[in-house]
Amino acid sequence: IPLGIRHVKLIGRVGMLMKPLMAKLPVVGAVQIAFYSKPDLAWDLTGVAAVAEIGVIESALRGAVQSVLASMLILPHRMLVKLDPLVDYYQCCVPPEGVLRLKIERGYELAPSTRSTASSFINRIADSEPDPYVIVNISEGQDTSPYFYQTPTISNTKNPEFQNCVHDFLIHDRDQQLTVTVYDSDYSWDAVIGTVEVSARELVDGKEMLLELGTAAAPSIDGTDPVPNVAGLLHVSASWFELTKIPSSGISVTDLQSFESKHSGSLTCGMIRCTVNRATGLDVEVRSPTVKLQFSKETFETPAVSTVEGVSDAQNPRWEVEFDTLLMKENTQLGSDSNAVELQVMDQGRPVGSPCVVSLAHLLSSPSGTVEVHHPLGTGDSFLNARVEAYSLSQKES
């Protein structure tokens, strides 16, 4: 069955990061490219798919493409292109700009959600109000704590007051877009009341904002541009915290714990970044190595690297990825010995060598809060190379 796509366009705002600068050609060692938010997609379908441009096939294709983009090209992910193949990956790495603390305050005059005919009929009979909750996310497909938050549901009200609904988000660029969506919880399915996109910069500059929730635009009768429907207002407030490398003298767990008392209501006292670079000299039986990383309750895993002639080598894999996680005060209260970054090379679910463990106490007491990992994975010249860094938070007085 003929099925094709042509004239693919991605429409959105793109950022380009050129780093490191070099004293010789090509002047820049690498280029990193990323969209600030989910781009719009435009394409022409050919063959059988052309008859289904507004149907199931196009919807499935669009969802698949958006998922791939979110994992590769939308911040916090960047596509890296090395202009100098010998450039050290660590020189290309850029930490997040800071932490945005967002507080969901309350909603005003939230409109009824669009439901099925049966649900709407029941709601009209019962004269019920919506049961709203809010989801905030930065990058589609990201459901981990630094990039995703969901409030509790407030029952039967179009003017909900959210109590202590505060969350800290890692921001890689202040022009990153946060998608704020208000849902109406229901026994059958949760319908969207309204949504809005707002940049981290707007939130930080505004400090307190009334966000106008929009729904799908109403169709135009006279040929003019359609006007989006307004589904209510959402009151939010925001604070900004800078990320600072741990000073060369080091910092103690007590210092991190004291940050919360200085900045009442702060959920975060720092950030842990782990950069997984490469491994060398793995056994010839290793086929698809990955690195599994764990800190506290957070678990990450790199993509697998297989041998492709001229492209990649499973015995000397290059992962070249970073993982960032917020350091919460509750993490430090557990004791430094029980909080450690653990890295384990895996091959199709089986461990390769022993795990590398970097304790929080060791990390914080290291020069500039950095531990260089050169961990043996067995006999011979088999090693894992990675870097673990600690950042503290600071807030400039306004």
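Reader: Where should I start? Among contacts between residues at least 6 apart in sequence, what percentage join residues at least 24 apart?

Author: Among those contacts, 67% join residues at least 24 apart. Please keep in mind that this is a predicted model. The protein has six helices and 22 strands, and buried residues make up 44% of its 398 residues.

Reader: Let me try one of the salt bridges. What makes Asp-324 and Arg-273 a salt bridge?

Author: Their closest N and O atoms are 2.6 Å apart. A salt bridge needs a side-chain nitrogen of Lys or Arg within 4 Å of a carboxyl oxygen of Asp or Glu, so the pair qualifies. Side chains of opposite charge can pair when their charged atoms come close.

Reader: Which strands hold the two partners, and how far apart are they in sequence?

Author: Asp-324 belongs to strand E17 and Arg-273 to strand E14, so this salt bridge ties together parts that are 51 residues apart in sequence.

Reader: Is Asp-324 buried or exposed, and what about Arg-273, buried or exposed?

Author: Both residues are charged partners in a salt bridge, and each has a low value to set against the cut-off. Buried means under 20% relative accessible area. Asp-324 has 7%, so it is buried. Arg-273 has 2%, so it is buried too.

Reader: How do you know that Arg-106 and Glu-161 form a salt bridge?

Author: The same kind of check works here: their closest N and O atoms are 3.5 Å apart, and the limit is 4 Å, so they count as a salt bridge. The pair links distant parts of the chain, with Arg-106 in strand E6 and Glu-161 in the loop between E8 and E9, 55 residues apart.

Reader: Why is Arg-106 called partly exposed?

Author: Its relative accessible area is 23%. Partly exposed lies between the 20% limit for buried and the 50% limit for exposed, so Arg-106 falls in that class. Glu-161 has 44%, so it is partly exposed as well.

Reader: How many salt bridges are there in the count?

Author: The count comes to 12 salt bridges. Another one joins Glu-97 to Arg-174, with closest N and O atoms 3.4 Å apart. This pair also links distant parts of the chain, 77 residues apart: Glu-97 sits in the loop between E5 and E6, and Arg-174 in the loop between E9 and strand E10. There is a network of salt bridges too, linking Arg-13, Asp-175 and Arg-201.

Reader: Now for the cysteines. How do you know that Cys-93 is in no disulfide?

Author: The nearest cysteine sulfur, that of Cys-92, is 6.7 Å away from it. A disulfide calls for two cysteine sulfur atoms within 2.5 Å, so Cys-93 has no partner. The structure as a whole holds zero disulfides.

Reader: What makes Cys-93 count as buried?

Author: Its relative accessibility is 15%, and the cut-off for buried is under 20%, so it qualifies. Cys-269, with 3%, is buried by this rule as well.

Reader: Which residues have the most contacts inside the largest nonpolar core?

Author: They are Leu-100, Leu-102, Ile-104, Leu-178 and Leu-234, in a core of 37 residues. Strand E13 gives the most to this core, with seven residues. Apart from it lies another core, of 33 residues, among them Cys-274, Val-286, Trp-319 and Val-341.

Reader: And on the outside, which residues form the nonpolar patch on the surface?

Author: Val-68, Met-72, Met-79, Val-81 and Leu-83 form it, with about 390 Å² of accessible area together. Helix H1 and strand E5 each give two or more residues to the patch. Leu-83 has a relative accessible area of 42% and patch members need over 30%, so it meets that condition.

Reader: What is special about the backbone at Glu-320?

Author: Glu-320, in strand E17, has a positive phi of about 50 degrees although it is not a glycine. Most residues other than glycine have a negative phi, and most peptide bonds are trans. Asn-156 also has a positive phi, about 55 degrees. As for cis peptide bonds, one runs from Lys-19 to Pro-20, and another joins Leu-75 and Pro-76, with omega about 20 degrees.

Technical notes. Residues numbered from 1 in each chain as written. Predicted model: local features only at pLDDT ≥ 70, side-chain atom pairs only at ≥ 80, totals over all residues. Heavy atoms only, no water. Patch = residues over 30% accessible without salt bridge, like charges linked within 9 Å, V, L, I, M, F, W, Y side chains within 5 Å. Areas by Shrake-Rupley, 256 points an atom, 1.4 Å probe, with all protein chains shown as cover. Helix = DSSP H or I, 4+ residues; strand = E, 2+ residues; numbered from the N terminus. Buried < 20%, exposed > 50% of the residue type's maximum accessible area, 1.4 Å probe, protein only. Core = buried A, V, L, I, M, F, W, Y, C linked by side-chain atoms within 4.5 Å. Contact = heavy atoms within 4.5 Å.
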